[in-house]
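Reader: Please take a close look at the backbone in one part of this model. Set the scene with the whole chain, then go to the details.

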Amino acid sequence: MHSNLHLYDVVTSKLIRKLEGHSEKIAALAWNGNILTSGSHDESIINHDVRARSNVTSQLKGHREAIFLLKWSKRGNMLASGGSESLVYVWESNKMNSSKFLHCFKDHSASVKALAWCPYDSSVLASGGGVDDGCIKLWNVQKGTSICSIDTKAEISRLEWNRHHKEILSGHGFSSIAEHNQLCL
């Protein structure tokens, strides 16, 4: 079985391109200019140049389980990936052909469900863990260290930084406490 990405013209609703490369379900997508990055249950990340005839520009291997999330940094020089194995990988855009990651953060105890790059400090990445973890973790990607961990006691399903103030919004799903399916600032 092969999984393909289909690009459509939104005005005409016509198929423009079919991008191939994954052997299992594609669960994550992220744009970085003309590069469409995809992550799959086949444990690989593929960078597709949507302008090139041969679309696969690089393929990254590091994850050992399904990839659920991909987030490019604002400057497009770093890619964060997360998935079912409870790990967060950080990749440098200028080293994508080597498949060597910059950092692998291992502090989550459940699937990584959310990723967000800080808009006012490019060295800060936030990640959120699933129901058996419930933590928001902040990472310094320059140093490869943990900044802090916030136990929310709920699955983190989404993280979004405020662009105007130093705060982060978290969306929650399942919880060990009564309040769940909530937003917290």
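Author: Start with contacts between residues at least 6 apart in sequence: in the protein chain, 36% of them join residues at least 24 apart. Keep in mind that this is a predicted model.

Now the build. The protein chain has 17 strands and zero helices. Its radius of gyration is 17 Å, and the globule rule gives 16 Å for 185 residues, so the chain is as compact as a globular protein of that length. The C-alpha trace spans about 50 × 35 × 35 Å along its principal axes. Of the 185 residues, 47% count as buried. The accessible surface is about 10,000 Å², and carbon and sulfur atoms hold 49% of that area.

Now zoom in on a loop. Strand 4 (35-40) and strand 5 (44-49) have a loop between them, and E43 lies there. Look at the backbone of E43. Its phi is near 75°, a positive value, yet E43 is not a glycine. Is E43 buried or exposed? Its relative accessibility is 30%, and buried would need under 20% while exposed would need over 50%. Therefore E43 counts as partly exposed.

K153 makes a useful companion. This residue sits in the loop between strand 14 (145-151) and strand 15 (154-161). K153 is not a glycine either, and its phi is positive, at about 60°. At 44% relative accessibility, K153 counts as partly exposed.

Last, the charges. The protein chain has 21 positive and 18 negative ones, and their mean positions are 8 Å apart.

Terms used: Residues numbered from 1 in each chain as written. Predicted model: local features only at pLDDT ≥ 70, side-chain atom pairs only at ≥ 80, totals over all residues. Heavy atoms only, no water. Helix = DSSP H or I, 4+ residues; strand = E, 2+ residues; numbered from the N terminus. Rg over C-alpha atoms; globule rule 2.2 N^0.38 Å. Buried < 20%, exposed > 50% of the residue type's maximum accessible area, 1.4 Å probe, protein only. Contact = heavy atoms within 4.5 Å. Areas by Shrake-Rupley, 256 points an atom, 1.4 Å probe, with all protein chains shown as cover. Lys, Arg positive; Asp, Glu negative; His and termini not counted. Charge placed at Lys NZ, Arg CZ, Asp CG, Glu CD.
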